[in-house]
Amino acid sequence: MRKRSAKIRRCTDDDFNVVYSIINEAAQAYRGVIPEDCWKEPYMSKEELRHEIDSGVLFWGYEEDGELAGVMGLQQVQDVALIRHAYVRKSKQRKGVGEKLLLRLRRHTSRPLLVGTWADAVWAIRFYEKKGFRLVSQEEKDRLLRKYWSISERQIETSVVLAEEKWFDQQSQIEG
Ligand SMILES: CC(C)(COP(=O)(O)OP(=O)(O)OC[C@H]1O[C@@H](n2cnc3c(N)ncnc32)[C@H](O)[C@@H]1OP(=O)(O)O)[C@@H](O)C(=O)NCCC(=O)NCCS
């Protein structure tokens, strides 16, 4: 049997259309799950994706046999780093692609990682919990989403934030 070749690499401008297609394919998981007024098609337009990249979201991709199977973005904001837009093609999900991408992003920053996702995306919450993230309190997530993200009030209301233990440790040091 032919051996599959796989690697994680930074996405370039040449990958723009593939990144766009992976995001919108995988985002179908939200359809009928997140509040109806938060869903649209495409889930992320090309203009929105361009805006995210221009705002400093760096994408990494998991490439298998020359084709991207999943992408994950990292955005450094103030004193933290945000995991942004983590999407794996449907046929490639639950095979460890998301985990490998997360581990790679982890190596690219010493800042604590935060991630925001829809409160209804229970599988995504489970994914991050399995990788050592923990949900922050309701009060804290509103504060964090306003401080580090640029999203609508409606999205703040319908989202959760998970943080690494490292972030919780830093918070308890600040609070003394
Ligand atoms: C969330 C996501 C990025 C994870 O990537 P992945 O390659 O599937 O994840 P891994 O294989 O590394 O980890 C799998 C674990 O994630 C969770 N998970 C991922 N997809 C799941 C699903 N459809 N149903 C239930 N659990 C799921 C489970 O805990 C799973 O572990 P298990 O298979 O042992 O039960 C990917 O599933 C995805 O693109 N989902 C749709 C879009 C999305 O929710 N993105 C998150 C944005 S923050």
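These exercises work through the ligand shell and three helices of a predicted model.

**Exercise 1. Which residues lie closest to the ligand, and which element gives the most to the shell around the ligand?**

Step 1. Take the shell. The ligand is surrounded by 20 residues. The closest are Arg-94, Gly-96, Gly-98, Trp-123 and Lys-130.

Step 2. Assign the shell to elements. Strand E4 (80-88), helix H3 (97-107) and helix H4 (122-130) each supply at least two residues. H4 gives the most, with six residues.

Step 3. Sort by chemistry. The shell divides into ten nonpolar, four polar and six charged residues.

**Exercise 2. Find polar atoms of the protein that pair with nitrogen and oxygen atoms of the ligand, then state how much of the ligand is covered.**

Step 1. Start with ligand nitrogen. A polar backbone atom of Ala-86 is 2.8 Å from a nitrogen atom of the ligand. A side-chain N or O atom of Tyr-30 is 3.4 Å from a nitrogen atom of the ligand.

Step 2. Turn to ligand oxygen. An oxygen atom of the ligand lies 2.8 Å from a backbone N or O atom of Gly-98.

Step 3. Add the cover. On its own, the ligand has 900 Å² of accessible area, and the protein covers 81% of that.

**Exercise 3. Determine how the buried residues of H4 are arranged, and what they pack against.**

Step 1. List the buried residues. In H4 they are Ala-124, Ile-125 and Tyr-128.

Step 2. Look down the axis. The buried residues of H4 fall within an arc of 100°, so they line one face of the helix.

Step 3. Recall helix geometry. An α-helix has 3.6 residues a turn, so residues three or four places apart point the same way.

Step 4. Check the other side. There, Val-122 and Lys-130 of H4 are exposed. Lys-130 is also among the residues closest to the ligand.

Step 5. Find the partners. The buried residues of H4 pack against E4, H3, E5, E6 and E7.

Step 6. Look past the helix. Gly-132 follows H4 and has a positive phi, near 95°.

**Exercise 4. Is Glu-140 buried or exposed? Describe its surroundings.**

Step 1. Locate the residue. Glu-140 sits in helix H5 (residues 138-148).

Step 2. Apply the cut-off. Buried means under 20% relative accessible area. Glu-140 has 17%, so this residue is buried.

Step 3. Place Glu-140 on its helix. The buried residues of H5 are Glu-140, Lys-141, Leu-144, Leu-145 and Tyr-148. They fall within an arc of 130° seen down the axis, so they line one face of H5. The face turned away carries the exposed residues Gln-138 and Glu-139.

Step 4. Name the contacts. Beyond its neighbours within four places in sequence, Glu-140 touches Trp-167 and Gln-171.

Step 5. Widen the view. Partners of the buried residues of H5 include E4, helix H6 (153-157) and helix H7 (165-175).

**Exercise 5. Follow the contact from Glu-140 to Gln-171 and describe the helix at the far end.**

Step 1. Locate Gln-171. This residue is in helix H7. Gln-171 is buried, with a relative accessible area of 17%.

Step 2. Read its contacts. Leaving aside neighbours within four places in sequence, Gln-171 is in contact with Glu-140 and Arg-143.

Step 3. Map the face. Trp-167, Phe-168 and Gln-171 are buried in H7. Down the axis of H7, these residues fall within an arc of 100°, so they line one face.

Step 4. Identify the cover. The buried residues of H7 are covered by elements including E4, E5, H5 and E7.

Step 5. Finish at the helix end. Just after H7, Gly-176 takes a positive phi of about 70°.

Definitions and conventions: Residues numbered from 1 in each chain as written. Predicted model: local features only at pLDDT ≥ 70, side-chain atom pairs only at ≥ 80, totals over all residues. Heavy atoms only, no water. Near = heavy atom within 4 Å. Polar contact = N/O pair within 3.5 Å; in protein donor to acceptor, adjacent residues only side chain to side chain. Areas by Shrake-Rupley, 256 points an atom, 1.4 Å probe, with all protein chains shown as cover. Helix = DSSP H or I, 4+ residues; strand = E, 2+ residues; numbered from the N terminus. Nonpolar A, V, L, I, M, F, W, Y, C, P; charged D, E, K, R; others polar. Buried < 20%, exposed > 50% of the residue type's maximum accessible area, 1.4 Å probe, protein only. Contact = heavy atoms within 4.5 Å. Arc of directions from axis to C-beta.
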